[in-house]
Protein chains: 2
Amino acid sequence: MKIKTQRLNAIIQIIANSKVGSQEELLIMLEKEGFSTTQATLSRDLKSLKVAKQPDQDGGYMYVLPESGAEQAEDDASFDEFPLSGLVSMEFSGNLAVIKTRPGFANGLGSVIDSHGPYEILGTIAGDDTILIIAREGISSDEVVNALALFIPGLRNKVIRP
Amino acid sequence: MKIKTQRLNAIIQIIANSKVGSQEELLIMLEKEGFSTTQATLSRDLKSLKVAKQPDQDGGYMYVLPESGAEQAEDDASFDEFPLSGLVSMEFSGNLAVIKTRPGFANGLGSVIDSHGPYEILGTIAGDDTILIIAREGISSDEVVNALALFIPGLRNKVIRP
DNA sequence: ACCTTCCTTGAATATTTATTCAATGCCTTA
DNA sequence: TAAGGCATTGAATAAATATTCAAGGAAGGT
């Protein structure tokens, strides 16, 4: 797994789970997780993740993931854009997919996937904030996304491509 | 009417109707509308309006209004069909509220509520499919709903009134 | 191997945004 | 009326963020 992808993931996790007010702050948190980088890179990372900086209730600022902050200004109400809680990211490795959720959501979302039981998916295992999805042999990552997107609105926006 | 209020309104209109990439840009647009001010004031205005700066699709940045269109999105039918947050219902009894979720979702949704920590809510306890919400004294059920609806799309549709 | 080309990055810098500070005007109350 | 307290603002500045530029590294081709 590429270091950049790991870092992007860590950034998503950090922003999803705690309040970050500046890139310097994020830098420090990433250091604690073992990522060493610079503000310049964070600026680029946040841009590519479409993370927005928003005034908060306490007179400060906080970074928000594109789902919960505001909807993208696509004039047509594409149902992919609905801000839904829980889903954080989805990534692939071979015929495996890993979905990251907000803490506590993995089981709920996992059972939703199980109950739909798409053909493309052999099975799932859910922890607290992570769901492992085992795809059937010969099924591409695109096909997995398509199958899940049928009943998980907003999923496509969360897929991180290598 | 106060000049500041007029200006704030104009800012909202401009951001709602066109793409603004920087405060300098906004400054120019406001000049055209007859408002003369400085970047310092815009920074304060945007902060008070909770306007966020978000990376856009074209490699630039744009300001977005907070939770604009949240109500529009809410009455879309697909929300009821795909309750990804697991939300099932919400009911009140005195200063308590009980949220029912699909199995496994209560903890996730509960921690979302906790992390937002709205003033109106004293605390929450989550089981597997039930969240108990304790409201602050003197807070009405409507106020609780309003506070939660800020970050739980579709909540209003799930509230069961006596 | 060598040479591209593309991707990623840090340092420095440019740009943008937030805040400090002082000044002004507008209330209210004495 | 005067005096005190807010609210608002612009200029200057501080702070934060974005981009430029050059350098390394990986992947692929010859």
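These are my notes on the protein surface near DNA strand D and on helix α5 of chain A.

**Entry 1: the model.** I am working from a predicted model.

**Entry 2: around strand D.** I looked up which residues surround DNA strand D and found 19. The closest are A:Gln23, A:Lys47, A:Tyr63, B:Arg7 and B:Thr41. I then sorted this surface by class. It has eight polar, seven charged and four nonpolar residues.

**Entry 3: which helices.** I checked which elements each supply at least two residues of the surface near strand D. They are α3 (39-49) of chain A, plus α1 (3-17) and α3 (39-49) of chain B. α3(A) gives the most, with five residues.

**Entry 4: backbone or bases.** I took the atoms of strand D within 4 Å of the protein. Sugar or phosphate accounts for 64% of them, and bases for the rest.

**Entry 5: polar pairs.** I looked at three side chains of chain A. An N or O atom of A:Gln39 sits 2.9 Å from a base nitrogen of strand D. For A:Arg44, the partner is a base oxygen at 3.0 Å. A:Ser43 instead has a phosphate oxygen of strand D 2.8 Å from an N or O atom in its side chain.

**Entry 6: helix α5 of chain A.** I moved to residues 106-116 and asked which are buried. They are A:Ala106, A:Gly108, A:Leu109, A:Gly110, A:Val112 and A:Ile113. What covers these buried residues includes strands β3 (87-93), β4 (96-101), β5 (121-126) and β6 (130-135) of chain A, along with α6 (141-149). Last, I checked the backbone just after α5(A). A:Gly117 takes a positive phi there, about 45°.

Notes. Residues are numbered from 1 along each chain as its sequence is written. Chains are lettered from A and ligands numbered from 1 in the order in which they are written. This is a predicted model: local features need pLDDT of at least 70, side-chain atom pairs count only at pLDDT 80 or more; totals for chains, interfaces and linings use all residues. Side-chain values use heavy atoms; hydrogens and water are left out. A residue is near a molecule or strand if one of its heavy atoms lies within 4 Å of it. A polar contact is a pair of N or O atoms within 3.5 Å; within protein, one must be able to donate a hydrogen and the other to accept it, and residues adjacent in sequence count only if both atoms are side-chain atoms. Helices (H or I, at least four residues) and strands (E, at least two) are DSSP runs, numbered from the N terminus. Ala, Val, Leu, Ile, Met, Phe, Trp, Tyr, Cys and Pro count as nonpolar, Asp, Glu, Lys and Arg as charged, and the others, Gly among them, as polar. Buried means under 20% relative accessible area, exposed over 50%, partly exposed in between (1.4 Å probe, protein chains only). Contact means heavy atoms within 4.5 Å.
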